[in-house]
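Open the model in your viewer and keep the sequence panel visible. The tour goes from selection to selection.

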Amino acid sequence: MGEFELIERYFTWARLPASAASDFGPATSVELGIGDDCALLAPDGRAEIAVSTDLLIAGRHFFEDVDPEALGHKSLAVNLSDLAAMGARPRAFTLGLALPKVDVFWLEGFSRGLARIARDHGCDLIGGDTTRGPLAIAITIFGDVPRGAAIRRSGAAPGDDVWVSGTLGAPALAVRILQGALADPDEQLTQARVVLERPIPRVALGLSLRGTASAMIDLSDGLLGDLGHVLKQSGVGAKINVDALPGSPLLKRAAPGVWLSCVLTGGDDYELCFTAPASKRSDVQQQGERTGTSLTRVGEIVAGHAMSFHDGQGHAYVFPEGLVLTGYDHFG
Ligand code: ADP
Ligand code: MG
C-alpha cells in the first residue's frame, strides 16, 4: 500500500456535518479538507485560514549531520511552500520538536535559521511541544487568504498551460552525490547542496498568482507525482514537453537517465507548478517578472487522465530503456 492510498483508506473519512452557528457566535466551517497542500477553514465571511503540517525525520528527510542553521531554515521553508501553493499569506506556526539530547550548539544554530526565515516572512512562532526522542521536527503552519481566492489542486481545465517556477533537479543531484550513488567529477555538490538545504519558498509568487492560476501545487515529491495529484484532483490529463523542462544548470553534464529522474522525480525542489488559461500568458509572465521568479511553460492540460510526454518537435518522447520513473512515495 502506497502513502497516498494509506491516507485515503484510513484517514479520509466522510466529513462531519457543519456545526451550526450557536449562542456562542458563528461557527468556523471546513472549506477544504484532506487532499491539497493546505486545508482551508472559514472563520467568517471574509477570510479563510490555510493550515498545513510537515514532519521532518532525521535520516529520512535530512542527513543527521546537516548544518543545524540550514535545518532550521528548511523546516519552516517546506511549510511556507505549502502556503505558497495555495496563494496564502503566512501568519504563524507551531513547532513540535523531538531531541535526543540538549546540544546547545545545535539548538543555537537551529533557532537562528528558523528565526531568520520566520522574520523574513512575518510568520510568528506561537507554540509547540518539546520532548526527548529521535531527532524530528513537526511544524504546523497557518496562513490566510481572502474567501474563495485560494488556488486549489482541483482547478485545472483542458486548454490551460502548465507552468513551473525556477529550475528542477539540483536537490536530487545533491542527495545522490551525498549518498554515494553518483560521482561528482564536476564538483557540483557544493552548489547543489545549497539548493537542497536552503530551499527558497515561492511565497510572493504564490500570492501574486491569485486570480491568474487555475490550479497549483508545490513540488516536494517531484514533478511527475505532484503534477499527477493536480491531474487527479482536476479530472484532466496533461501533455508535457520534456525539452522545455527547466532542469538545473548543475545537471548540464548528467547522463540522460540521471537528468530525467532528477528533474521529473527528484523531489525537494519546492518550486511551484501551476496551470493557467492560455489567455493569461502575459499575466503569468508579468507576475514572474514582478516577483523576480523565472517561469517556464512546460506543457498543456488536456481532456482525459493521462500524462504524456513529447519532445520539442512534438514527437512522442523516447525514454532511455529500463528507466523507471515514479513520484516519491514513502511506502511505495
Ligand atoms: P504535501 O506534499 O503538500 O505535504 P501530500 O500530497 O503529501 O501533501 O498529502 C496529501 C494530503 O494528505 C494533504 O492534504 C495532507 O494534509 C494529507 N495527509 C497526509 N498525511 C495525513 C494524515 N496522517 N492524516 C490526515 N491527512 C493527511
Ligand atoms: Mg505541498
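Which residues surround ligand 1? Select Glu3, Phe4, Ile7, Phe11, Ile34, Gly35, Asp36, Asp37, Asp54, Asp82, Arg153 and Ser220; a residue is near a molecule if one of its heavy atoms lies within 4 Å of it.

This is a predicted model, in which local features need pLDDT of at least 70, side-chain atom pairs count only at pLDDT 80 or more, and totals for chains, interfaces and linings use all residues. Residues are numbered from 1 along each chain as its sequence is written, chains are lettered from A and ligands numbered from 1 in the order in which they are written, and side-chain values use heavy atoms, leaving out hydrogens and water.

Colour the shell around ligand 1 by residue class: six residues are charged, four nonpolar and two polar. Here Asp, Glu, Lys and Arg count as charged, Ala, Val, Leu, Ile, Met, Phe, Trp, Tyr, Cys and Pro as nonpolar, and the others, Gly among them, as polar.

Next, select helix α1, residues 3–11, which gives the most to this shell, with four residues. Helices are DSSP runs (H or I, at least four residues), numbered from the N terminus.

Now show the side chains of Asp37, Asp82 and Arg153. A polar side-chain atom of Asp37 lies 2.9 Å from an oxygen atom of ligand 1, and one of Asp82 also lies 2.9 Å from an oxygen atom of the ligand. For Arg153, the distance from a polar side-chain atom to a ligand 1 oxygen is 3.2 Å. A polar contact is a pair of N or O atoms within 3.5 Å.

Note on methods
A polar contact is a pair of N or O atoms within 3.5 Å; within protein, one must be able to donate a hydrogen and the other to accept it, and residues adjacent in sequence count only if both atoms are side-chain atoms. Helices (H or I, at least four residues) and strands (E, at least two) are DSSP runs, numbered from the N terminus.
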